[in-house]
Amino acid sequence: MALIYKPLSLLISVLGGMIAGALFKQVWKVVAGQDDAPDADDQDYTWRQVLVAAMVQGAIFGLVKAAIQRAGAQGVRRTTGHWPGDDRRKSSKARGHE
């Protein structure tokens, strides 16, 4: 199962990053009224503007990542009957790492 889940998870993560980037761009247009968020090395923006943009971007990326990972794990469980990572947790307990 891990042989299929890992590559599929990587592909879905890349797609999620693309989705999060597009979502952030749309949110930034609405919130700031600008097409592009400020770059950290652009001297025309204040610290506050740069840090707020980074905070919003991080929140969106984190949200999308968690939603995609959770949906993927639920899809694996529906398909296989097993939650991804259960095998790792069980073998960790058996070795006394918990």
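What share of the contacts in the chain with a separation of 6 or more comes from residues 24 or more positions apart? The legends below take this up, starting with the whole chain.

**Figure 1. Overview of the predicted model.** The chain has three helices and zero strands, and its pattern along the sequence reads α-α-α. Among contacts with a separation of 6 or more, 53% join residues 24 or more positions apart. Of the 98 residues in the chain, 16% are buried. The exposed area of the chain is about 7600 Å², and 60% of that area is supplied by carbon and sulfur atoms.

**Figure 2. The largest nonpolar core, with six residues.** Its members are Ala-20, Phe-24, Trp-28, Ala-53, Ile-60 and Val-64. Two elements, H1 and helix H2 (47–80), each give two or more residues to this core. Two of the core residues, Phe-24 and Trp-28, are shown again in Figure 4.

**Figure 3. Surroundings of Val-64, a residue of the largest nonpolar core.** Leaving aside residues up to four places away in sequence, Val-64 touches Gly-16, Ala-20 and Leu-23. One of these contacts, Ala-20, also belongs to the six-residue core.

**Figure 4. The aromatic pair of Phe-24 and Trp-28.** A search of the whole structure finds one aromatic pair. The ring centres of Phe-24 and Trp-28 lie 5.9 Å apart and the ring planes meet at 35°, so the pair counts as tilted. That angle falls between the limits for the other two classes, because planes under 30 degrees apart count as stacked and those over 60 as edge-to-face. Phe-24 and Trp-28 are four residues apart in helix H1, so about one helical turn separates them. Phe-24 has a relative accessible area of 8% and is therefore buried. Trp-28, with a relative accessible area of 7%, is buried as well. The cut-off behind both assignments is a relative accessible area under 20%.

**Figure 5. A nonpolar surface patch that includes Leu-15.** The patch covers about 780 Å² and is made by Ile-4, Leu-8, Leu-10, Leu-11, Ile-12, Val-14, Leu-15 and Met-18. Leu-15 is placed in helix H1, which spans residues 2–32. Is Leu-15 buried, partly exposed or exposed? Its relative accessibility is 42%, so Leu-15 counts as partly exposed. The reasoning rests on two cut-offs, since buried means under 20% and exposed means over 50%.

Terms used: Residues are numbered from 1 along each chain as its sequence is written. This is a predicted model: local features need pLDDT of at least 70, side-chain atom pairs count only at pLDDT 80 or more; totals for chains, interfaces and linings use all residues. Side-chain values use heavy atoms; hydrogens and water are left out. Patches are made of residues with over 30% relative accessible area and no salt bridge: like charges are joined within 9 Å, nonpolar side chains (Val, Leu, Ile, Met, Phe, Trp, Tyr) within 5 Å. Accessible areas come from the Shrake-Rupley method with a 1.4 Å probe; for residues, only the protein chains shown count as cover. A salt bridge is a side-chain nitrogen of Lys or Arg within 4 Å of a carboxyl oxygen of Asp or Glu. Buried means under 20% relative accessible area, exposed over 50%, partly exposed in between (1.4 Å probe, protein chains only). A nonpolar core is a set of buried Ala, Val, Leu, Ile, Met, Phe, Trp, Tyr and Cys residues joined through side-chain atoms within 4.5 Å. Contact means heavy atoms within 4.5 Å. Rings of Phe, Tyr and Trp (its six-membered ring) pair if their centres lie within 6.5 Å; planes under 30 degrees apart count as stacked, over 60 as edge-to-face and the rest as tilted.
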